[in-house]
Amino acid sequence: MNVVLTCLLLVASQVAALHFYLPTGQTRCFYEDLSARALVVGKLEAFEYAENVNDYFKTNNLRLQITVEETFDNNHRVVDQKSSPSGDFTFTSFDAGEHRFCLTPTYTDGTSGKWHRIFFDVAIGAAEDYADSKSSHKVDALTLQIKQLNEKLREINFEQESIREREAEFRNQSESTNSRVVWWSIIQLFVLVGTCAYQLRHLKSFFVKQKIV
């Protein structure tokens with residue numbers, strides 16, 4: 001199971017990891033848009049808070065109720081299971097749309113009033129990729145990791161090229177704008193000088209007619 005889980009995590013194209021705090025019996029939900037035939041692998045860890053030592057620790061009586069529902073299909077439930085303090089779950093989405101992941105800490109002996117720290121990791125990938133790799137006997141951790149690294153490098157290179165193109169476009173626009181501002185300032189200066197010259201000439205003519213000068 002651990003080998004399969006590791007391989008599934010390696011072929012995943014999207015990973016979400018978080019942790020939060022929750023009292024016993026209360027539910028925390030998260031939403032994720034999944035594509036059709038997306039392979040989802042979740043890993044859970046839950047800890048109980050101990051006031052006497054002011055720290056969190058694992059206890060065998062603690063369980064995590066995990067449910068996954070399709071909000072776009074009248075909350076159709078695709079996962080409903082209880083996990084140990086360190087557990088995992090796996091499912092494949094049948095349709096594309098928003099899925100709701102809900103976690104609830106409970107106890108097998110009915111204990112209540114405790115606080116818990118919960119770690120929740122979800123890896124999302126393509127189910128077809130895993131199936132193809134398994135059928136062709138290529139489920140090799142190093143090979144899959146190199147493949148994922150190459151994909152990431154291609155994505156980074158594409159993003160860098162996009163950034164360069166946007167920077168060049170912005171630079172050209174800035175230079176064009178600055179050039180127009182300079183020419184507009186020069187035109188305004190010529191208009192101002194011409195207006196002043198015309199007014200001075202008109203005033204001089206007026207004074208001459210009035211025999212002031």
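**View 1. E48 and K114 meet in a salt bridge.** E48 is buried, with a relative accessible area of 9%. This is a predicted model, and this first close-up looks at the partner of E48. The side chains of E48 and K114 come together in a salt bridge, at 3.9 Å from N to O. E48 belongs to strand β3 (residues 38-50), while K114 sits in the loop between β8 and β9. That puts the two of them 66 residues apart, so the pair links distant parts of the chain. Unlike buried E48, K114 counts as partly exposed, because its relative accessibility is 30%. As a rule, side chains of opposite charge can pair when their charged atoms come close.

**View 2. The whole protein chain, before zooming in again.** The protein chain has 213 residues, and buried ones make up 27% of them. Its secondary structure comes to 3 helices and 9 strands. Read from the N terminus, the order of the elements is α-β-β-β-β-β-β-β-β-β-α-α. Take the contacts between residues at least 6 apart in sequence: 76% of these join residues at least 24 apart. The accessible surface comes to about 14,500 Å², and carbon and sulfur atoms account for 55% of that.

**View 3. P23 meets the loop between β8 and β9.** P23 has its place in strand β1 (residues 12-23). Is P23 buried or exposed? With a relative accessibility of 15%, P23 counts as buried, because buried means under 20%. Leaving out residues up to four places away in sequence, P23 touches P105, K114, W115 and H116. One of these, K114, is 91 residues from P23 along the chain, yet their C-alpha atoms are separated by 5.6 Å. G113 is also worth finding here: from P23 to G113 it is 90 residues in sequence, and 6.7 Å in space from C-alpha to C-alpha. G113 is found in the loop between β8 and β9. With a relative accessible area of 70%, G113 is exposed, whereas P23 is buried.

**View 4. F101 takes part in two tilted aromatic pairs.** The count of aromatic pairs comes to 10. In one of them, the rings of F89 and F101 have their centres 6.5 Å apart, and their planes meet at 45°, so the pair is tilted. F89 comes from strand β7 (residues 86-92) and F101 from strand β8 (residues 97-107), and this pair links parts of the chain 12 residues apart. Both rings belong to buried residues: F89 has a relative accessible area of 2%, and F101 has a relative accessibility of 3%. F101 also pairs with F120, again in a tilted arrangement, with 6.2 Å from centre to centre and 55° between the planes. F120 lies in strand β9 (residues 115-126) and F101 in strand β8, so this pair ties together parts that are 19 residues apart in sequence. F120 is buried, as is F101. Step back a little and you can pick out one aromatic cluster, made up of F20, F30, F89, F91, F101 and F120.

**View 5. A charge sits over a ring at R117 and F47.** Look for the ring of F47 and then for the charged end of R117. That charged end sits over the ring, 5.8 Å from its centre.

**View 6. Salt bridges elsewhere in the chain.** How many salt bridges are there? The count comes to 7. In one of them, the side chains of E161 and R164 meet at 2.9 Å, N to O. These two are 3 residues apart in helix α3, so about one helical turn separates them. E161 is partly exposed at 42% relative accessibility, and R164 is partly exposed too, with a relative accessible area of 45%. R166 forms a salt bridge with E159, and their closest N and O atoms are 3.5 Å apart. R166 counts as partly exposed at 47%, as does E159 at 39%. There is also a network of salt bridges that links E69, R77, D80 and R100.

**View 7. A nonpolar patch on the surface includes W183.** Which residues form this patch? They are V182, W183, I186 and F190, which together have about 460 Å² of accessible area. W183 lies in helix α3 (residues 141-209). At 55% relative accessibility, W183 counts as exposed, because exposed means over 50%.

Conventions:
Residues are numbered from 1 along each chain as its sequence is written. This is a predicted model: local features need pLDDT of at least 70, side-chain atom pairs count only at pLDDT 80 or more; totals for chains, interfaces and linings use all residues. Side-chain values use heavy atoms; hydrogens and water are left out. Patches are made of residues with over 30% relative accessible area and no salt bridge: like charges are joined within 9 Å, nonpolar side chains (Val, Leu, Ile, Met, Phe, Trp, Tyr) within 5 Å. Accessible areas come from the Shrake-Rupley method with a 1.4 Å probe; for residues, only the protein chains shown count as cover. A salt bridge is a side-chain nitrogen of Lys or Arg within 4 Å of a carboxyl oxygen of Asp or Glu. Helices (H or I, at least four residues) and strands (E, at least two) are DSSP runs, numbered from the N terminus. Buried means under 20% relative accessible area, exposed over 50%, partly exposed in between (1.4 Å probe, protein chains only). Contact means heavy atoms within 4.5 Å. Rings of Phe, Tyr and Trp (its six-membered ring) pair if their centres lie within 6.5 Å; planes under 30 degrees apart count as stacked, over 60 as edge-to-face and the rest as tilted. A charge sits over a ring if NZ of Lys or CZ of Arg is within 6 Å of the ring centre and within 35 degrees of the ring normal.
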